[in-house]
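This report describes a two-chain model, one chain at a time, and then the contact between the chains. The sequence and structure come first.

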Amino acid sequence: MPDSHARRDVLLAERLAAIRANRPQMEPELISEVVRAVLTTMSDDLTVHDTALLLEVEELGRTIANAKLEIAALKVDDITGCHIPFATDELDAIVAHTAAATDAILESCETLDTVAATLNGDAADKLQAATTRIYEACSFQDITGQRITKVVGTLKTIEEKVARIIATFGQNTAGLSPPPPAALTAQEELLNGPQLPRQAMDQSDIDKLMASFD
Amino acid sequence: MPIDKSMNVLIVDDYKTMLRIIRNLLKQIEFNNVEEASDGAEALSKLRAGNFGLVISDWNMAPMTGLQLLQEVRADGRLKQLPFIMITAESKTENVVAAKAAGVSNYIVKPFNAETLKDKIEKVLGHA
């Protein structure tokens, strides 16, 4: 019996050494393999409690390995390098466009005020009441600008947290291949939304392009 | 006591559109001598150099916030009695409490309307 125990210990040690040799870093997959090695080598000597515990450890290792796979599937470089900067640019463009529109409205409103100053009585009062309401309504721009700034801040926080998760948890995801992205239909490929000003064609570019088909 | 609408009013906001809106609303209630500053430091400089009867300031500005501007104004021997209205999107209780503790004369939450602005100005200048 002691010989049999000794032989089993040696066998287990050899298997663990082989696992370590293949994978020098302590990884969740390694934990699963170690647990499986212990379970298969020592199954006769383990109590039900020991076995349940080891199975839980193996499951934990598998869960972590799956999480790593999911992180790899996220294509984190796309998130930090493309998606979040793109979203931030889009939000900045919204602020710029609404600010320009608000300025145009205010300019027209100031013209109306000038006209109101040349009028008397009820017409002047009504015109001024209308411009007052426009001025009040235009303050939305300040509020939305502040809200968007907060959203941009949140996106940057997410970006930092994702980068931190990858730094601590997903370094070894390079070999894991994410599932291929779902293919877009021809219709979906045309749904790009408004372009950022620096990337967009203006009306004269569109006109030229249209004319080139003639 | 009638309000002297010829007084100089300083409006402070880092957002030019908001300065334009407040200037126009003030004009509609006949305050025509309005100067602008785009941050707390510029405002403080103008206040120390000029002769103003009222400050209307945003809170959320950098590097000097509206609250810091208010604190500087209240700490300045020549400016400490100057009526100071805060117009801000900061509407949490702790903000209002902090502004009050710093000596704000009145507090308007964005978005606001012309009637609110007129009412607060009358209240503040009526008690000045």
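The text below covers the overall make-up of each chain, the sheet of chain B, some backbone details and the interface.

The model is predicted, and confidence values are therefore given where they are available for chain A. The mean pLDDT of chain A is 78, and 77% of its residues reach 70 or more. Among the elements of this chain, helix H5(A) has the highest mean pLDDT, at 93, while helix H7 (residues 186-189) of chain A has the lowest, at 67.

**Overall make-up**

Chain A contains eight helices and zero strands, and its pattern along the sequence is α-α-α-α-α-α-α-α. Chain B has five helices and five strands, which follow one another as β-α-β-α-β-α-β-α-β-α. The table sets out burial and sequence separation for the two chains.

| Chain | Residues | Buried residues | Share of contacts (separation of 6 or more) between residues 24 or more positions apart |
|---|---|---|---|
| Chain A | 214 residues | 7% buried | 73% of contacts |
| Chain B | 128 residues | 37% buried | 62% of contacts |

**The sheet of chain B**

The five strands of chain B form an open sheet with parallel pairing, in the order E2-E1-E3-E4-E5. Strand E2 (34-37) and strand E5 of chain B are at the edges; each has a single partner strand, so one side of each lacks a neighbour in the sheet. From one strand to the next, the twist averages 20 degrees.

Two of the pairings can be followed residue by residue. Strand E3 (residues 54-57) of chain B runs parallel to E4(B) and is joined to it by three bridges. Here B:Ser57 has B:Met86 in E4(B) as its bridge partner. On E4(B) (residues 84-88), four bridges make the parallel pairing with strand E5 (residues 106-109) of chain B. In this pairing B:Ile87 is matched with B:Ile108 of E5(B). Between these two strands comes helix H4 (residues 93-102) of chain B, and E4(B), this helix and E5(B) make a right-handed β-α-β unit.

**Backbone details in the loops of chain B**

Most residues other than glycine have a negative phi, and most peptide bonds are trans. Three loop positions of chain B are listed here against that background.

The peptide bond from B:Ala62 to B:Pro63 is cis, with omega near 0 degrees. B:Pro63 belongs to the loop between E3 and helix H3 (66-75) of chain B. A cis bond also links B:Lys110 to B:Pro111, where omega is near -5 degrees. B:Pro111 sits in the loop between E5 and helix H5 (114-126) of chain B.

B:Glu30 is not a glycine, yet its phi is positive, at about 75 degrees. This residue lies in the loop between helix H1 (16-28) and E2 of chain B. Is B:Glu30 buried or exposed? B:Glu30 has 10 other C-beta atoms within 10 Å, and because exposed residues are those with 12 or fewer, it counts as exposed.

**Contact between the chains**

The interface brings 18 residues of chain A into contact with 14 residues of chain B. On the side of chain A that touches chain B, the elements giving two or more residues are helix H4 (76-117), helix H5 (121-138) and helix H6 (140-169) of chain A. By type, the residues on this side of chain A are six nonpolar, seven polar and five charged. One of the contributing helices, H5(A), is also the element of chain A with the highest mean pLDDT, 93.

Notes. Residues are numbered from 1 along each chain as its sequence is written. Chains are lettered from A and ligands numbered from 1 in the order in which they are written. This is a predicted model: local features need pLDDT of at least 70, side-chain atom pairs count only at pLDDT 80 or more; totals for chains, interfaces and linings use all residues. Two strands pair if DSSP finds at least two bridges between them. A crossover is right-handed if, with the strands pointing away from the viewer, the path from the first strand over the helix to the second runs clockwise. Two residues are in contact if their C-beta atoms, placed from the backbone, lie within 7 Å. Ala, Val, Leu, Ile, Met, Phe, Trp, Tyr, Cys and Pro count as nonpolar, Asp, Glu, Lys and Arg as charged, and the others, Gly among them, as polar. A residue is buried if 20 or more other C-beta atoms lie within 10 Å of its own, exposed if 12 or fewer, and partly exposed in between; C-beta atoms are placed from the backbone. Axes are lines fitted to C-alpha atoms, for helices over the stretch in contact, and angles run from 0 to 180 degrees between N-to-C directions. pLDDT is the predictor's confidence in each residue, from 0 to 100.
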